[in-house]
Amino acid sequence: VAVYAYDPEGLRKQTVTFQNRAPVRLDDFSKGAWVKHAFTAADSADGILKLAVKRRGEGNCVLSKLRIAIAENK
């Protein structure tokens with residue numbers, strides 16, 4: 001799972017949390033930032049992948065792009 005955050009003004013502060021992992025803090029990410037998380041079959045056993053984007057401080061938060069890639073193990 002990859003989340004792309006973009007902030008043209010460089011003012012947003014937010015966190016991105018995937019499943020029950022520690023939140024990734026994003027500060028002043030004006031050029032954009034990909035936040036990537038590998039996940040396992042156990043993470044998606046119930047058919048749900050949880051992703052939370054939360055603002056810190058003033059302004060809003062943005063999830064500009066979301067990419068999910070599933071590789072089949074053989």
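**Exercise 1. Find the bridge partner of Val 3 in β4, then work out the sheet around it.**

*Solution.* Start with the pair itself: Val 3 has Val 35 as its bridge partner in β4. Keep in mind that you're looking at a predicted model.

Next, zoom out to the strands. β1 covers residues 2–5, and β4 covers residues 33–36. The two run antiparallel and share four bridges.

Now check β1 against β6. That pairing is antiparallel too, with three bridges. Two of the contacts are easy to spot: Ala 2 sits opposite Arg 67 in β6, and Tyr 4 sits opposite Lys 65 in β6.

Put the pieces together and you get an open, three-stranded antiparallel sheet in the order β4-β1-β6. β4 and β6 are the edge strands, each pairing on one side only. On average, neighbouring strands here are turned by 20° against each other, direction ignored.

**Exercise 2. Which residues of β1 point one way, which point the other, and are they buried or exposed?**

*Solution.* Walk along the strand and sort the side chains. Ala 2 and Tyr 4 go one way. Val 3 and Ala 5 go the other way. Then look at the burial: the four residues are all buried, whichever way they point.

**Exercise 3. In what order do the strands of the β3-, β2- and β5-containing sheet lie, and what is the partner of Phe 18 in β5?**

*Solution.* Begin with β2 and β5, which pair in the antiparallel sense over five bridges. One residue to look at is Phe 18, whose bridge partner in β5 is Leu 51.

Then add the remaining strand: the order is β3-β2-β5, in an open sheet with antiparallel pairing. β3 and β5 are the edges, each with pairing on one side only. The average turn between neighbouring strands of this sheet is 20°, ignoring direction.

**Exercise 4. How many salt bridges does the structure hold, and which residues make them?**

*Solution.* The count is three. Background for the hunt: oppositely charged side chains can pair when their charged atoms come close. Take them one at a time.

- Arg 12 and Asp 7: their side chains meet at 3.5 Å, N to O. Both Arg 12 and Asp 7 are buried.
- Arg 21 and Asp 43: the closest N and O atoms are 2.9 Å apart. Arg 21 is in the loop between β2 and β3, and Asp 43 is in the loop between β4 and β5, so this pair ties together parts that are 22 residues apart in sequence.
- Asp 27 and Arg 56: their side chains meet at 2.6 Å, N to O. Asp 27 is in strand β3 and Arg 56 in the loop between β5 and β6, so to speak a link between distant parts of the chain, 29 residues apart.

**Exercise 5. Why does Asp 43 count as buried, while Arg 21 counts as partly exposed?**

*Solution.* You need the cut-offs for this one: buried is under 20% relative accessible area, exposed is over 50%, and partly exposed is in between. Asp 43 has 17% relative accessibility, so it counts as buried. Arg 21 comes out at 29%, so it is partly exposed. Try the rule once more on Asp 27: at 37%, this residue is partly exposed as well.

**Exercise 6. Which residues make the nonpolar surface patch, and where is Leu 66?**

*Solution.* The patch is made by Leu 63, Leu 66, Ile 68 and Ile 70, and its area is about 410 Å². Now place Leu 66: it belongs to strand β6, residues 65–67. Its relative accessibility is 48%, which means that Leu 66 counts as partly exposed.

**Exercise 7. What is the phi of Gln 19, and where is this residue found?**

*Solution.* First, the background: most residues other than glycine have a negative phi. Gln 19 isn't a glycine, yet its phi is positive, about 50°. Then locate it: Gln 19 is in the loop between β2 (13–18) and β3 (24–27).

**Exercise 8. Where is confidence lowest, and where is it highest?**

*Solution.* Take the chain average to start with: the mean pLDDT is 84, and 97% of the residues score at least 70. Then go to the elements: β6 is lowest, with a mean of 85, and β2 is highest, at 90.

Notes
Residues are numbered from 1 along each chain as its sequence is written. This is a predicted model: local features need pLDDT of at least 70, side-chain atom pairs count only at pLDDT 80 or more; totals for chains, interfaces and linings use all residues. Side-chain values use heavy atoms; hydrogens and water are left out. Patches are made of residues with over 30% relative accessible area and no salt bridge: like charges are joined within 9 Å, nonpolar side chains (Val, Leu, Ile, Met, Phe, Trp, Tyr) within 5 Å. Accessible areas come from the Shrake-Rupley method with a 1.4 Å probe; for residues, only the protein chains shown count as cover. A salt bridge is a side-chain nitrogen of Lys or Arg within 4 Å of a carboxyl oxygen of Asp or Glu. Buried means under 20% relative accessible area, exposed over 50%, partly exposed in between (1.4 Å probe, protein chains only). Two strands pair if DSSP finds at least two bridges between them. Axes are lines fitted to C-alpha atoms, for helices over the stretch in contact, and angles run from 0 to 180 degrees between N-to-C directions. pLDDT is the predictor's confidence in each residue, from 0 to 100.
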